[in-house]
Amino acid sequence: MGDSIMAETESQDPQTKTGGEPIEVTFTPEQQKLIDKLVSDRVNREQAKYDRLTQEAVQKALAEERENQRIANLQGEEKAKATHEAQIKAKEKENAKLAEELKAERFKSAKMSVTAQMASLKLPIDDVIVVNLIGETEEATNQAIQAFQTAFKDAVAKEVNESVNHGAPKVGTNNVAESWKTQIDAAMRL
């Protein structure tokens, strides 16, 4: 038989809650191989990511240390100029980071605003749609929402009209009473 895993459940779902008792889950050897491969692949990806980030941090620290040593070896006016340039670079990096954070915060705010507007207009809320409706300005975003609303309502109206215009359902030629009588007669012959 396959490997099994013992896990404690902490689910709040009444259908799966077992009162904290462990549940045994058994896998076939093929399933266990697949699970092991998936876990191994994920661990390898995360390790590679960690290694890359660590390497980048080390390279950055080394570059900063070399620059600090270079500045320390300078004399007089050259040292002051290099120090000033280093401070400017540091401020530019800080400003770029703050600008990126501000951009992310504005996007998050715009996404929440678009979602609220779409909910109030009773439009479907899908992340892909919401993201695509966000414009450079609030006015552009509102225009995009209005255009989407119009297109959505037109599409719904078209589908409703097409389904309504199919005509009435066909009615059988036999009378219901005749049909029942035929079925009863057939059953009596058995």
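**Figure 1. The whole chain, with 5 helices and 2 strands.** Welcome to the overview. Read along the sequence, the elements follow the pattern β-β-α-α-α-α-α; helices (H or I, at least four residues) and strands (E, at least two) are DSSP runs, numbered from the N terminus. This is a predicted model, in which local features need pLDDT of at least 70 and side-chain atom pairs count only at pLDDT 80 or more, while totals for chains, interfaces and linings use all residues. Residues are numbered from 1 along each chain as its sequence is written, and side-chain values use heavy atoms, with hydrogens and water left out. Of the 190 residues in the chain, 8% are buried; here buried means under 20% relative accessible area, exposed over 50%, and partly exposed in between (1.4 Å probe, protein chains only). Contact means heavy atoms within 4.5 Å. Among contacts between residues at least 6 apart in sequence, 31% join residues at least 24 apart.

**Figure 2. Helix H2, from residue 76 to residue 120.** How many residues does H2 have, and what should they span? The helix has 45 residues, which should span 66 Å at 1.5 Å a residue, and its end C-alpha atoms are indeed 66 Å apart. The expected span of a helix is 1.5 Å times one less than its number of residues. Look along H2 for its buried residues, which are Ala82, Val114 and Met118. Their cover includes helix H1 (29-73), H3 and H4.

**Figure 3. Lys122, in the loop between H2 and helix H3 (127-133).** This view follows the chain past the end of H2, where Lys122 comes after the helix with a positive phi. That phi is near 60 degrees, in a residue other than glycine. Is Lys122 buried or exposed? Its relative accessibility is 73%, so Lys122 counts as exposed.

**Figure 4. The packing of H2 against H4 (residues 138-164).** The two helices meet at an angle of about 35 degrees, and their axes are 11 Å apart. Axes are lines fitted to C-alpha atoms, for helices over the stretch in contact, and angles run from 0 to 180 degrees between N-to-C directions. The crossing of H2 and H4 is right-handed; a crossing is left-handed if the near helix is turned anticlockwise from the far one by less than a right angle, and right-handed if clockwise. Which residues make the contact? H2 brings Val114, Gln117 and Met118, and H4 brings Thr141, Asn142, Ile145 and Phe148. The residues of this contact comprise 4 nonpolar, 3 polar and no charged. In this count, Ala, Val, Leu, Ile, Met, Phe, Trp, Tyr, Cys and Pro are nonpolar, Asp, Glu, Lys and Arg are charged, and the others, Gly among them, are polar.

**Figure 5. Helix H4 and its buried residues, Thr141, Ile145, Phe148 and Gln149.** The 27 residues of H4 should span 39 Å at 1.5 Å a residue, which agrees with the 39 Å between its end C-alpha atoms. The buried residues of H4 pack against H2 and H3. One of them, Thr141, counts as buried because its relative accessibility is 8%. Leaving aside neighbours within four places in sequence, Thr141 touches Val114, Leu133, Ile134 and Gly135. The C-alpha atoms of Thr141 and Val130, 11 residues apart along the chain, are separated by 9.9 Å. Further along, Gln149 is buried with a relative accessible area of 11%. With neighbours within four places again set aside, Gln149 is in contact with Leu121 and Leu123.

**Figure 6. The rings of Phe148 and Phe152 in helix H4.** These residues are 4 apart in the helix, about one turn. The structure holds 1 aromatic pair. Its ring centres, those of Phe148 and Phe152, are 6.0 Å apart with planes at 20 degrees, so the pair is stacked. Rings of Phe, Tyr and Trp (its six-membered ring) pair if their centres lie within 6.5 Å; planes under 30 degrees apart count as stacked, over 60 as edge-to-face and the rest as tilted. Phe152 counts as partly exposed because its relative accessibility is 29%.

**Figure 7. The contacts of Phe148, a residue of helix H4.** What does Phe148 contact, leaving aside its neighbours within four places in sequence? The residues are Met118, Leu123, Pro124, Ile129 and Leu133. Phe148 and Leu123 are 25 residues apart along the chain, and their C-alpha atoms are separated by 8.9 Å.
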